[in-house]
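Subject: Handing over the structure

Dear colleague,

I am passing on to you the structure we talked about, and below it I have set out what was found in it. Please keep it open beside this message while you read.

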Protein chains: 2
Amino acid sequence: MLDIALLGCGGMMPLSNRYLTALLCRLNGSLLLIDCGEATQVTMKTLGWGFKNLDTICITHFHADHISGLPGLLLMTANSGREDPITIIGPQGVAEIVRCLTVIASDLPFELEFIEIPRGRREFSVSAHGYGVSALHLNHGAVCYGYSLSVPRGGKFDLERAKALNLPVRFWNPLQKGSAVEFEGRTYTPDMVLGPARKGIKATYVTDTRPAPSIPDFARGSDIFICEGLYGDPALSEKAREHKHMTFTEAARLAVAGGVSELWLTHFSPAMQNPKEFIGNARAIFPNTYCGYDRKTATILFEDEDEAD
Amino acid sequence: MLDIALLGCGGMMPLSNRYLTALLCRLNGSLLLIDCGEATQVTMKTLGWGFKNLDTICITHFHADHISGLPGLLLMTANSGREDPITIIGPQGVAEIVRCLTVIASDLPFELEFIEIPRGRREFSVSAHGYGVSALHLNHGAVCYGYSLSVPRGGKFDLERAKALNLPVRFWNPLQKGSAVEFEGRTYTPDMVLGPARKGIKATYVTDTRPAPSIPDFARGSDIFICEGLYGDPALSEKAREHKHMTFTEAARLAVAGGVSELWLTHFSPAMQNPKEFIGNARAIFPNTYCGYDRKTATILFEDEDEAD
């Protein structure tokens, strides 16, 4: 299962009643954060998932509302006692930007390791702590990437086939988890006891951008598609175009085209006090749309998985 | 008169119910901010004094909880339509630190002008937009300065002496405001119509530091002395010493020694949920002590001045 929490749902500037858009994910205890605007550490502390297991941070782009909270977050993580490295993934130049920002957070007790998405790359994929992380180049005022997280799921363990191998039972677990084992001079591989790979989990996060045909392809089949909707009012379409953002309607169209299961809107304009007022504009196009709110959480299960599994 | 607002009262990290310590002052419409930790822009927006007239920012030191909100604040100020330069006063190196932090806030529509306090200087004074700004080197883990703001007040206008000069009445106002005037080949100076200079206004802001004998001298006669009290519980004196901070009791002793009129405690430890619980420890020493809280404001009048003046 994958837990996700939308830490905030605001765009452009933090408000006293709305934190900036950022997504925290938890997979087998490993935390992955996408974006870190000013005060992200505060809402993350309120959420209560802790800081010590923050293994990965993905940055969409270098506008302040998506990265300015990084020094404070790293210091908070240092306070949690973390000593293991943190991987930071972002556009080319992210290492230099973070080096600048952390001029006020030196002496961190952990290393920062950087994965820079090479300039000009339309798509980019990497594995990090069990997450498959893919990035898609978007269409914004700055170089900006959407992120898709995938959690693969191996085939089902076939008890009969395992028994037929006449292996000691202690080898079943590593085989089930995907590791080959050696026994009496012979190598046994997971495919000998597992059925075909099953559908995994996919969550996609897209902000800040104009709509583009590559986005539905990128988000295809997502269990949750978290997408910016700076404006709910379709009368502001021209403004959305001008500022390289989207309306609720445009986000809903992408959700339909991508065949996603659920859409959460986020990155609301500070001028839009009650985004729910406009939710009908999105639901008319994609009914399974929800307005994000600070610390809206979901647990995404594998098909036929029980939360108690 | 001088308006002051304690924008936050927290130390070390912003909390969901307590912003980081920063002080905003307003004099004849000109805003001066001391310190700018993460999310200072949020509480400043809630306060409602605006951003466009932010002429001066004083930074005490380069720990993140006192400066990390600067990029966001400057962007917010840019959004307000400001185009006039902003003066930033701080320890030597502040220009380079701000240059690093604003890597995510480039293209500001105003200039940043820096006044760096030369390393090794115990005291430093400068004038900025009607404020007299003095800095005192404190005793903290990093190079750190306290700030004292003074608003001088000229002598009272003497109607009889002005009349006796036989000057046209239109010259009275510039003379009263401190400017010399020329009339019929003769120069008239303000001292010809003004009585002796009167007591001005003084507000002093001291955080983060251990107590030191120089602090009462620096704060002497302040109308308001805003001083850190990281811990209310005197049992934490040793911890205060170790981290180069102060207890409520220590702050109160400085208030007594400095002969200030009123003490506001601030920069509370995140672990201290209810600072008021410990206020008695300070009041036993200096009765006119108050616990700071987010956006606690005061209007400091000149002696015998009426708010309607």
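A good place to begin is a single pair of residues in chain A: A:Thr204 has A:Phe225, in strand E13 of that chain, as its bridge partner. Please bear in mind throughout that this is a predicted model.

That pair belongs to a longer pairing, since strand E12 (residues 198–206) and strand E13 (residues 224–228) of chain A run parallel and are joined by four bridges. In general, the strands of a sheet pair through backbone hydrogen bonds, and they may do so in a parallel or an antiparallel manner.

The sheet in chain A

Seven strands of chain A make up an open sheet with mixed pairing, and their order across it is E7-E8-E9-E12-E13-E14-E15. At the edges stand strand E7 (123–128) and strand E15 (289–291) of chain A, and because each has a single partner strand, one side of each is left without a neighbour in the sheet. From one strand to the next, the twist averages 20°. Helix H8 (residues 248–258) of chain A packs on this sheet, where it touches E13, strand E14 (263–266) and E15 of chain A, and its direction makes about 150° with that of E13(A).

At the E7 end, you can follow the pairing strand by strand. E7(A) and E8(A) run antiparallel and are joined by six bridges, and within E8(A) it is A:Leu136 that stands opposite A:Glu123. The hairpin of these two strands has two residues between them, and in it A:His129 takes a positive phi near 50°. On to the next neighbour, E8(A) pairs with strand E9 (residues 145–153) of chain A, again over six bridges and in the antiparallel sense, and here A:Leu136 has A:Gly146 as its bridge partner in E9(A). Is strand E8 of chain A enclosed or open? Five of the seven residues of E8 (residues 131–137) of chain A are buried, so the strand is largely enclosed by the rest of the structure.

The sheet in chain B

In chain B, too, seven strands form an open sheet in the order E7-E8-E9-E12-E13-E14-E15, with mixed pairing. Neighbouring strands of this sheet are turned by 20° against each other on average, when direction is ignored. One of its pairings is that of strand E9 (residues 145–153) with strand E12 (residues 198–206) of chain B, which run antiparallel and are joined by six bridges; in it, B:Tyr147 stands opposite B:Tyr205 of E12(B). Helix H8 (residues 248–258) of chain B lies across strand E13 (224–228), E14 and E15 of chain B, and it runs at about 150° to E13(B).

A residue worth finding on the screen is B:Leu265, which has its place in strand E14 (residues 263–266) of chain B. B:Leu265 is buried, because 29 other C-beta atoms lie within 10 Å and 20 or more are enough for a residue to count as buried. Its C-alpha lies 5.6 Å from that of B:Gly229, although the two residues are 36 residues apart in sequence. Leaving aside residues up to four places away in sequence, B:Leu265 touches several others, among them B:Cys227, B:Phe248, B:Ala251 and B:Cys291.

The nonpolar core

The largest nonpolar core has 165 residues, and those that touch the most other members are A:Leu23, A:Ala251, A:Leu263, B:Leu23, B:Ala251 and B:Leu263. Residues up to four places away in sequence again set aside, A:Leu23 touches residues including A:Ile4, A:Ile34, A:Tyr205 and A:Ile226.

How the two chains meet

A rotation of 180°, with 0.0 Å of shift along its axis, superposes chain A on chain B with an RMSD of 0.0 Å. The two copies are therefore related as by a two-fold rotation axis. How many residues does each chain give to the contact? Chain A gives 24 residues and chain B gives 23 residues. On the side of chain A that touches chain B, the elements giving two or more residues are helix H1 (40–47), helix H2 (70–79) and helix H3 (94–101) of chain A, and H2(A) gives the most, with four residues. By class, this side of chain A has 17 nonpolar, six polar and one charged residues. Because 96% of the interface residues of chain A are also interface residues in chain B, the copies meet through the same surface.

Helix H2 (residues 70–79) of chain B is mostly covered, with eight of its ten residues buried. Those buried residues pack against helix H1 (40–47), strand E4 (54–58) and helix H3 (94–101) of chain B. After H2(B) comes B:Gly81, whose phi is positive, near 95°.

With best wishes

Notes: Residues numbered from 1 in each chain as written. Chains lettered and ligands numbered in written order. Predicted model: local features only at pLDDT ≥ 70, side-chain atom pairs only at ≥ 80, totals over all residues. Contact = placed C-beta atoms within 7 Å. Nonpolar A, V, L, I, M, F, W, Y, C, P; charged D, E, K, R; others polar. Pairing = 2+ DSSP bridges. Axes fitted to C-alpha atoms, helices over the stretch in contact; angles between N-to-C directions. Core = buried A, V, L, I, M, F, W, Y, C linked by C-beta atoms within 7 Å. Buried ≥ 20, exposed ≤ 12 C-beta atoms within 10 Å, placed from the backbone. Least-squares fit on C-alpha atoms with pLDDT ≥ 70 in both.
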